[in-house]
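Work through the following exercises with the coordinates open beside the text. Each one sets a task and then solves it step by step.

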Amino acid sequence: MIFDVLMKRRVFFLVVLAFLATRRDLSVHAQSRAQRGSIAPDTESPLLSKSTTEKQILAVLDDLDRNQRLRNLTVPVEDARLLRLLTESINAKHVVELGTANGYSGIWFALALQTTGGKLTTFEIDPQRVRQARENFKRASVDHLITQIEGDAHLEVAKLTGPIDLVFIDADKDGYLDYLNKLLPFVRPGGLVVAHNMRVPPPDPQYVKAITTNPALETVFLNMHSAGVAVTLKKR
């Protein structure tokens, strides 16, 4: 019996040594990466302005982020920057947004659209938010790029015509599938459907199924440590 106890202690000791050795190897690897100038995956690059116009718009966005975020539940900065990146990278000419809120994400879209020569059509059912967004668009001097539509987007989107380069869905969560079904036919091949809140609050399972089982679509999920974003490509 004493022999068995000694053997168990020996095995435990060897396991601990192996674990410590593994930790040491990981630490050395991390230090090596740091010495090579590697940037940690969760490091966010600073906002840099290329022009006076961009600097002014970023200043308005910073103010909205500081003073209007909580009561409007606007998208996180990292998600908003992603919207701008996607819009400009596909050279979007027509972006459709479902859920204007206070206009925060719309201004990020406008940052890209002033470069691509495109326009934003944004839908909002809340009259107070429509007014607030209109004021914020004017503050950022991007109102000439944006068409605001007040009303139930489930009904109003029927008036849209294609082609649409990018659709951003950030409205009533149980309505995502309806928005997808109504707007996907107007999205050009190579266009994108971007959906917010793919983690928090939990998304509609039917929407997730629709964008992940359709062979005509390709979907990736990003920033899932936060609210979560689904980026869906309509294949060419």
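**Exercise 1. Find the partner of Val95 in E2, and place the pair within the sheet.**

Step 1. The bridge partner of Val95 in E2 is Leu120. Helices (H or I, at least four residues) and strands (E, at least two) are DSSP runs numbered from the N terminus.

Step 2. Strand E1 (residues 94–98) pairs with E2 in the parallel sense over five bridges, where two strands count as paired if DSSP finds at least two bridges between them.

Step 3. The model is predicted, and local features need pLDDT of at least 70, side-chain atom pairs count only at pLDDT 80 or more, while totals for chains, interfaces and linings use all residues. Residues are numbered from 1 along each chain as its sequence is written, and side-chain values use heavy atoms, with hydrogens and water left out.

Step 4. The open sheet is formed by seven strands in the order E3-E2-E1-E4-E5-E7-E6, with mixed pairing. Strand E3 (146–150) and strand E6 (217–222) each have a single partner strand and stand at the edges, so one side of each is left without a neighbour in the sheet. From one strand to the next, the twist averages 15°, where axes are lines fitted to C-alpha atoms, for helices over the stretch in contact, and angles run from 0 to 180 degrees between N-to-C directions.

**Exercise 2. Identify which strands helix H5 (residues 104–116) touches, then describe the surroundings of Gly118 in the loop between H5 and E2.**

Step 1. Helix H5 packs on the sheet and touches E1, E2, E3 and strand E4 (164–169), its direction making about 175° with that of E1; contact means heavy atoms within 4.5 Å.

Step 2. Helix H6 (residues 127–139) also packs on the sheet, touching E2 and E3, and its direction makes about 170° with that of E3.

Step 3. Gly118, in the loop between H5 and E2, is buried with a relative accessible area of 0% (buried means under 20% relative accessible area, exposed over 50%, partly exposed in between, with a 1.4 Å probe and protein chains only).

Step 4. Leaving aside residues up to four places away in sequence, Gly118 touches Ala92, Lys93, Leu113 and Leu145. Gly118 and His94 lie 24 residues apart in sequence, yet they are 5.6 Å apart in space, C-alpha to C-alpha.

**Exercise 3. Determine how strand E7 (residues 229–234) is covered and how E5 and E6 join E7.**

Step 1. Five of the six residues of E7 are buried, and the strand is thus mostly covered.

Step 2. Strand E5 (residues 187–196) runs antiparallel to E7 and is joined to E7 by five bridges; the partner of Leu192 in E7 is Leu233.

Step 3. E6 and E7 also run antiparallel, joined by six bridges, and Leu222 has Val229 as its bridge partner in E7. The two strands E6 and E7 form a hairpin with six residues between them, and Asn223 in the turn has a positive phi of about 55°.

**Exercise 4. State the volume of the largest cavity and name its lining.**

Step 1. The largest cavity has a volume of about 40 Å³. On a 1 Å grid over the protein atoms alone, a cavity is a set of points where a 1.4 Å probe fits but cannot get out, and lining residues have an atom within 4 Å of a point; a volume is the space filled by probe spheres set on the points, which are joined across faces, edges and corners.

Step 2. The lining includes Leu73, Tyr104 and Asp170.

Definitions and conventions: On a 1 Å grid over the protein atoms alone, a cavity is a set of points where a 1.4 Å probe fits but cannot get out, and a pocket is an open set with protein on both sides within 12 Å along at least five of seven lines; lining residues have an atom within 4 Å of a point.
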